[in-house]
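Student: Got a minute to go through this one with me? I'd like to start broad and then pick at single residues.

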Amino acid sequence: MNAVAAVRRLASAVSVLTVAGGGPLHGTTASSVGTVSRDPLLVCVCLRSGSRFSELARDAGTFAVNVLSSRQALLADWFARPGRAPGPEQFAAVGWSAHHAHGAPLLDGAMAWLGCRITGVFPGGDHDLLLAEVTDGAAGEGRPLLSCDGRLYGAELYDVARRTRRHDTPHAAATPLD
């Protein structure tokens, strides 16, 4: 297996990024959103260099992350489609409300949403990394929509057994994995 095939096996949550901020409404599907820091609460979004979303988000300085549920695969496909209508027309068949501060669309039925303020943009190979502080957000219900190996999956989450270390004995530090 080559390195590209190996990297494609990293499962990640699927989100739709949205922006308003003075320009046209725009959304794009992303599976490369990650937490960077808890204090302050920072996320990083990776987008193809020169993407329309990256350009609009930089201009606006703000955007929203809509974390999709497993029931929203069609939304992920829609916002990934290059030929969809530009501007507000791409939201015509989608239920949403405007973020209270910057107007970015918050999609109905999303598992969670995050309001974000860009704190930096960095080149990374053929992508731009948008570093953003999370200004607010809300968690909803549902199961996550995941991307893995170029396909979308609905995930059934369940707790897995984890062995805990006993820290009260002198020989407890090094234990083999089962």
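Tutor: Sure, we'll take the overall fold, then the cores, the cysteines, the pocket and a few single residues.
Tutor: Keep in mind that this is a predicted model, where local features need pLDDT of at least 70, side-chain atom pairs count only at pLDDT 80 or more, and totals for chains, interfaces and linings use all residues. Residues are numbered from 1 along each chain as its sequence is written, and side-chain values use heavy atoms, with hydrogens and water left out.

Student: Fine. How many helices and strands in the protein?
Tutor: Three helices and 12 strands. Those are DSSP runs numbered from the N terminus, with at least four residues for a helix (H or I) and at least two for a strand (E).

Student: What sort of box do the C-alpha atoms fill?
Tutor: Roughly 60 × 35 × 30 Å, taken along the principal axes.

Student: And what share of the residues is buried?
Tutor: 38% of the 178 residues. Buried means under 20% relative accessible area, exposed means over 50%, and partly exposed is in between, using a 1.4 Å probe and protein chains only.

Student: Which residues touch the most other members in the largest nonpolar core?
Tutor: Leu17, Phe53, Phe63, Cys116 and Leu130, out of 19 residues in that core. Strands E2 (15-19), E5 (41-48), E6, E9 (112-124) and E10 (127-139), plus helix H2 (52-60), each give two or more residues to this core. A nonpolar core here is a set of buried Ala, Val, Leu, Ile, Met, Phe, Trp, Tyr and Cys residues joined through side-chain atoms within 4.5 Å.

Student: What does leucine 130 contact?
Tutor: Setting aside neighbours within four places in sequence, leucine 130 is in contact with Val43, Cys44, Val45, Leu47, Ser54, Ala57, Phe63, Ile118, Gly120 and Val121. Contact means heavy atoms within 4.5 Å. There is also a second, separate core of 12 residues, with Val16, Leu25, Leu75 and Val94 among them.

Student: Ser54 is on that contact list. Is serine 54 buried or exposed?
Tutor: Buried, because its relative accessibility is 1%. Serine 54 sits in helix H2, and beyond four places in sequence it touches Leu47, Asp128 and Leu130.

Student: Switching to cysteines. How many disulfides does the count come to?
Tutor: Zero, where a disulfide is a pair of cysteine sulfur atoms within 2.5 Å.

Student: Why is there no bond for cysteine 46?
Tutor: Because the closest cysteine sulfur, in cysteine 44, is 4.3 Å from the sulfur of cysteine 46, too far for a bond. Cysteine 46 is partly exposed at 26% relative accessibility.

Student: What about the sulfur of cysteine 116?
Tutor: The closest cysteine sulfur is again in cysteine 44, but it is 11 Å away, so too far for a bond. Cysteine 116 is buried, with a relative accessible area of 0%.

Student: Who else contacts Cys116 from a loop? I had histidine 102 in mind.
Tutor: Histidine 102 does: leaving out neighbours within four places, its contacts are Ala20, Gly21, Thr62, Phe63, Ala64, Gly115 and Cys116. Histidine 102 lies in the loop between strand E7 (96-98) and strand E8 (105-107) and counts as buried, since its relative accessible area is 14%.

Student: Now asparagine 66. Where is it?
Tutor: In strand E6 (residues 62-67), and buried because its relative accessibility is 0%. The side chains of asparagine 66 and threonine 18 are joined by a polar contact of 3.4 Å. For that, a pair of N or O atoms must be within 3.5 Å; within protein, one must be able to donate a hydrogen and the other to accept it, and residues adjacent in sequence count only if both atoms are side-chain atoms.

Student: Which residues lie nearest the centre of the largest pocket?
Tutor: Thr28, Thr29, Ala30, Ser31 and His127, from a lining of 31 residues. Strand E3 gives the most to that lining, with five residues.

Student: And what volume does the largest pocket have?
Tutor: About 720 Å³. On a 1 Å grid over the protein atoms alone, a pocket is an open set of points where a 1.4 Å probe fits, with protein on both sides within 12 Å along at least five of seven lines, and lining residues have an atom within 4 Å of a point. Points are joined across faces, edges and corners, and the volume is the space filled by probe spheres set on them.

Student: Last one: which residues does the cis peptide bond join?
Tutor: Aspartate 39 and proline 40, with omega about 5 degrees. Proline 40 lies in the loop between strand E4 (33-38) and E5.
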